[in-house]
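Open the model in your viewer and keep the selection box at hand. Each stop below names what to select and then what is there.

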Amino acid sequence: MKPEMRTLEDLKRYLDLVHIKYCLLKPYFEVEDYPLVGARELLPSFEVDLYEYKNLPGFSMVAFERPLNSFQEVFQYDALNAPGEWETLNEDLSCAIEENATATNVRTFQSRLPKRRHTDFLKDFDAKNISAMENYAELLPYLLELERAHILAHDGAGAFALQGIYASLPSNLDSELKQFGLKIGKFRPGNNLMYECNRLFVYQFMMELYGFPIVSERRTSSAMFAIRLLRRGERFIVRVLGQSDRTITTLMSPPEDAPRRLKKYPRVEKMALVQVNENQLDTIEFLKDHGFFVDLDKLVVILRVTYQQHEYSPKNVREDRALSVLRQEVIHPLTGRVLDNLNIIQNVHNMILRLNDIVRGEYRIPVNYKRTEIITDTATHENRLKALYMWLSKHMHRIVDYSDEYYSQVVRVLDGYLLSPDNYEVFNEHYELHKEVWSRYGQIQQARKVRILEDLRYRKYKGEPISYLRMLELMTEILGELKFEIVNYFDKLVVKVLIIGNDVSSDPYLRRKYVDVNKDTLSPYGLEIRKLYHRLVTLLEEFRSIRKSRMSGSSAPGAN
């Protein structure tokens, strides 16, 4: 096989197959008790890794759709050269250049390998051109031994080749973090308190835009380097496999013909070995019939997930949602065939079943509770409350968007557990934990109402256009309900209520047509709109008074 790839898209198709084979499938069959990736781990917001698996492979890689220009590059690396490339160099150079590029490449690579691997490497590659892509798959086990990134780029003939190893990807995290925080209005120059209060939010949001939680240096530097390359207008692929997340993450420049709004961020993809939930009977039967299982007994498939980024907006009730799932693809382990019509990781029914497992004490998947404690089971009510809090926190955005039908199922499960008289005594023993769960639950309930207000602002309700009158009827009704619910106070939600309400109360057409006119000129329909408008303004004043009184206190309980 002699692959000649000239575009990033061609290269990516090849790399997907090679990396799946050697970095996912090979370890799966060689490592006892291989730690499969839970489907929930591929759902944003991404969780911090629980363990690092030293016996699993890890790597980082960068590919450019152009030749490397070693002096002009913004990173350091050890150069490899295809045979014949040095023949064009000026013979009068003062430094001695080896005539045999192949031997020089082998020596360069060997110098970066652990000594225990030297003998095997020389046996396999002593006389081979390690820069050629036909040797990439065979070379990959040795590339996985290197601590730093390897570089693919065009050779002199315009085809991809391995052009560098042991690359240090620059990570200007501090400046990127501050620049991004200023851009979204979470930081202000010289305001230390604002920076300290919002730094973690900005850090998490920015990292998630590029497919990661706040994690290892390898993945952080890959994300920062992708930002830099995108800003320079490069055509690139940045790929990283963490030994802790067991997931191949790809950051790729958008297609050149993509709309401008899609060019702000790289395309984010993740590939991993995932276990299909045993309750997805129809999906399992289909995958089994078509041979898509890597391991039928354990229901393991190769899953590739593509994400889409969301611009930060303080008006959005899901303010910290940076990423969502755009597409899921199951890849055939032998043919590479792709299925993109299955829902492996976002099945709402499965999520509700997991919620049931938590409250029944049957949940056995490790949970990282606030990065301070690993919950391995839910046998005790204390562990159930901790797992429940983290489940609600992780899936808050999805629950806010659930249909009324599915949300009612969530409410039934939560109310059945949290309000059960049988549990009162144990909940009193764990008062703070119980209160913490109720607070998160209350936040979700209020956020669902604010989510409806977001749509009403654009005169949309349940996906259908509505009149100004219906908009104001619904908005005043919801605000009236919320006014009594914010005994559990969440400042961010109240701020969003005020922003949305102000947008509506200052609507130019509404004011010109129904408010800033003599009411004697209005029809009964117009008078009803005017009455509801003033009711809206009154409710907003009440919300401002509530917020002022909360903010003037020493603290706002439950505010976040």
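The tour goes from the whole chain to helices, then to open and enclosed spaces, and ends at single residues.

**Stop 1: the whole chain**

Remember throughout that this model is predicted. Show the C-alpha trace and align the view to the principal axes. Along them, the C-alpha atoms fill a box of roughly 95 × 55 × 50 Å. Colour by secondary structure next: the chain has 18 helices and 14 strands. Then colour by accessibility. Of the 560 residues, 53% count as buried. Now draw the contacts between residues with a separation of 6 or more. Pairs 24 or more positions apart make up 66% of them.

**Stop 2: helix H18**

Select residues 524-552. This is helix H18, with 29 residues. Put a distance between its first C-alpha and its last: the helix reaches 42 Å, close to the 42 Å expected at 1.5 Å a residue.

Which residues of H18 are buried? Show side chains for Gly526, Ile529, Arg530, Leu532, Tyr533, Leu536, Leu539, Leu540 and Phe543. Arg530 is a charged residue in that list. Now add the cover over these positions. It includes helix H15 (468-485), helix H16 (491-505) and helix H17 (508-515).

**Stop 3: helix H16**

Stay with one of those covering helices. Select 491-505 for H16. Its end C-alpha atoms are 21 Å apart, which agrees with the 21 Å that its 15 residues should span at 1.5 Å a residue.

The buried residues here are Asp491, Leu493, Val494, Lys496, Val497, Leu498, Ile500, Gly501, Val504 and Ser505. Charged side chains appear in this list too, including Asp491 and Lys496. What do the buried residues of H16 pack against? Select helix H14 (431-457), then H15, H17 and H18.

**Stop 4: the second largest pocket**

Move to an open space. Select Leu36, Val37, Gly38, Glu41 and Ile365, which lie nearest the centre of the second largest pocket. About 1,100 Å³ of space lies in this pocket, and 44 residues line it. Strand E7 (267-275) and helix H9 (348-360) are the elements that give two or more residues to the lining. H9 provides the largest share, four residues. Colour the lining by type to find 20 nonpolar, nine polar and 15 charged residues.

**Stop 5: the cavities**

How many cavities of 30 Å³ or more does the whole structure hold? A search finds two.

For the largest, select Cys23, Leu24, Tyr34, Leu56, Pro57, Leu241, Gly242 and Arg246, which line it. The space inside is about 40 Å³. Its lining divides into six nonpolar residues, one polar and one charged.

For the second largest cavity, select Ala39, Arg40, Leu43, Ile345, Met351, Arg354, Trp391 and His395. About 30 Å³ of space lies within. This lining has five nonpolar residues, one polar and two charged.

**Stop 6: two cysteines**

Go back to Cys23, part of the lining of the largest cavity. Is Cys23 buried or exposed? Its relative accessible area is 2%, so Cys23 counts as buried. Now jump to Cys197. At 58% relative accessible area, Cys197 is exposed. Do not look for a disulfide at either one: a search of the whole structure finds zero.

**Stop 7: Asn368**

Select Asn368, in strand E11 (residues 367-369). Why does Asn368 count as buried? Its relative accessibility is 14%, and the cut-off for buried is under 20%. Leave out residues up to four places away in sequence, then show what Asn368 touches: Val48, Leu50, Glu373, Ile374 and Met390.

**Stop 8: Gly336**

Finish in a loop. Gly336 lies between strand E9 (323-331) and strand E10 (338-339). Gly336 is partly exposed, because its relative accessible area is 23%. Apart from residues up to four places away in sequence, Gly336 touches Leu17 and Ile331. For a last distance, pick the C-alpha atoms of Gly336 and Arg398. They sit 62 residues apart along the chain and are separated by 31 Å.

Key
Residues numbered from 1 in each chain as written. Predicted model: local features only at pLDDT ≥ 70, side-chain atom pairs only at ≥ 80, totals over all residues. Heavy atoms only, no water. Disulfide = S-S within 2.5 Å. Buried < 20%, exposed > 50% of the residue type's maximum accessible area, 1.4 Å probe, protein only. Expected span 1.5 Å × (residues − 1). Contact = heavy atoms within 4.5 Å. 1 Å grid on protein atoms, 1.4 Å probe; cavity = no way out; pocket = protein on both sides within 12 Å on 5 of 7 lines; lining within 4 Å. Points joined across faces, edges and corners; volume = space filled by probe spheres on them.
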